[in-house]
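Trainee: Hi! Could you walk me through this one? I'd like to start with a helix.

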Amino acid sequence: MKKIFITGGTGTVGKAFISKYYKDYKFYSFARNEKSQVGLKRLFPKIEILIGGIENSNLLKNEINKVNPDIIIHAAALKHVDTAEKQPSQAVLTNIIGTYNLIESAISNNVELVVGISTDKACNADNIYGQTKYIMERLFLEANSNNTRFVCCRFGNVAWSNGSVIPFWLTRKANSEELLLTDKDMSRLMFSQEDSAILIKKCIDDSKKEGGFILSKRMKTVNMFDLAKLISEDIKIIGLRPGEKLYEDLISEKELPYTYLDGDYIFLKKEKNINKTTRLKSKLSSISAEKMTKSEMLELIKNVDEIISSKLIDQKNY
């Protein structure tokens, strides 16, 4: 059984992958929050938990050396746009220097494969968080070699991730508070936790042939005002926060020549694709993507509501 070392394993993406592929790999979660790590261990008793942050290069290298993993999934990051705008030094420390530490540790320990978790905000990046993730992608592509393969997944919004808007809105509604929304025209590309886990697994499987790519997939778009109205009619428009955008690009116009299609999946590589018939034809963004139906949006809300409810039950029983 292959060993997977996950940085930020207690986050939404890490837990989703562990949950779906728990029986297929031996997992090691490396994260700094002891409470979250213990909670993860209770959910998945076979996991080994390791306390630490990717900013500590010596500790990280030592833990990877002790585990000797076959695969690393790099999910640790400072993820909130407004936090990164207020404290860019912390975003750089975690998302860039932490990533560099991970790359050095993986190479020095001869790890076969490293999968980085990126975001649509790295595409046409114009906020601090997106810029740090864009640099993370470039660092991974540069580091790729025959000895240690580096690949990235580029996500849209994982619909019920920690700190995401749907659970925030549901909590406000439960407290009889108005929903806060940036703008009626705001849109986002969304997919589920399970979809995020499947995308990572495809990254792992396809990297057996080669490394040095960024993998994404076609996702549906959600108008955030329409989504909010399914939760409550009491909505307050508050305007853009620092670094926030009305829409997101997943694949930009300038990236199209470097795209390679595989069904609904899109590979981005350093080399241009000379076969134009296998390229993405136009940029993929939350403006142009296929819209989620009302029933699909309701399903997202239902799934989030179930998760919130289960957390409340767990807290009462703790």
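Trainee: Where does helix 5 bend?

Mentor: Helix 5 bends by about 30° at G98; the bend is the angle between axes fitted to the seven residues ending there and the seven starting there. Helices here are DSSP runs (H or I, at least four residues), numbered from the N terminus. Keep in mind that this is a predicted model, where local features need pLDDT of at least 70, side-chain atom pairs count only at pLDDT 80 or more, and totals for chains, interfaces and linings use all residues. Residues are numbered from 1 along each chain as its sequence is written, and side-chain values use heavy atoms, leaving out hydrogens and water.

Trainee: Is G98 buried or exposed?

Mentor: G98 is buried, as are others in helix 5, including A91, T94 and L102. Buried means under 20% relative accessible area, exposed over 50%, partly exposed in between (1.4 Å probe, protein chains only).

Trainee: What comes just after helix 5?

Mentor: N110 does, with a positive phi of about 55°.

Trainee: New topic: how many disulfides are there?

Mentor: Zero in the whole structure; a disulfide is a pair of cysteine sulfur atoms within 2.5 Å.

Trainee: Why isn't C153 bonded to C203?

Mentor: Because their sulfurs are 3.4 Å apart, too far for a bond. C153 is buried, at 0% relative accessible area, and C203 is buried at 0% too.

Trainee: And how confident is the predictor?

Mentor: The chain averages a pLDDT of 91, on a scale from 0 to 100 for confidence in each residue. Over residues 306–318, though, pLDDT stays under 50. Where pLDDT is low, the predicted coordinates should not be read in detail.

Note on methods:
Contact = heavy atoms within 4.5 Å. Helix = DSSP H or I, 4+ residues; strand = E, 2+ residues; numbered from the N terminus.
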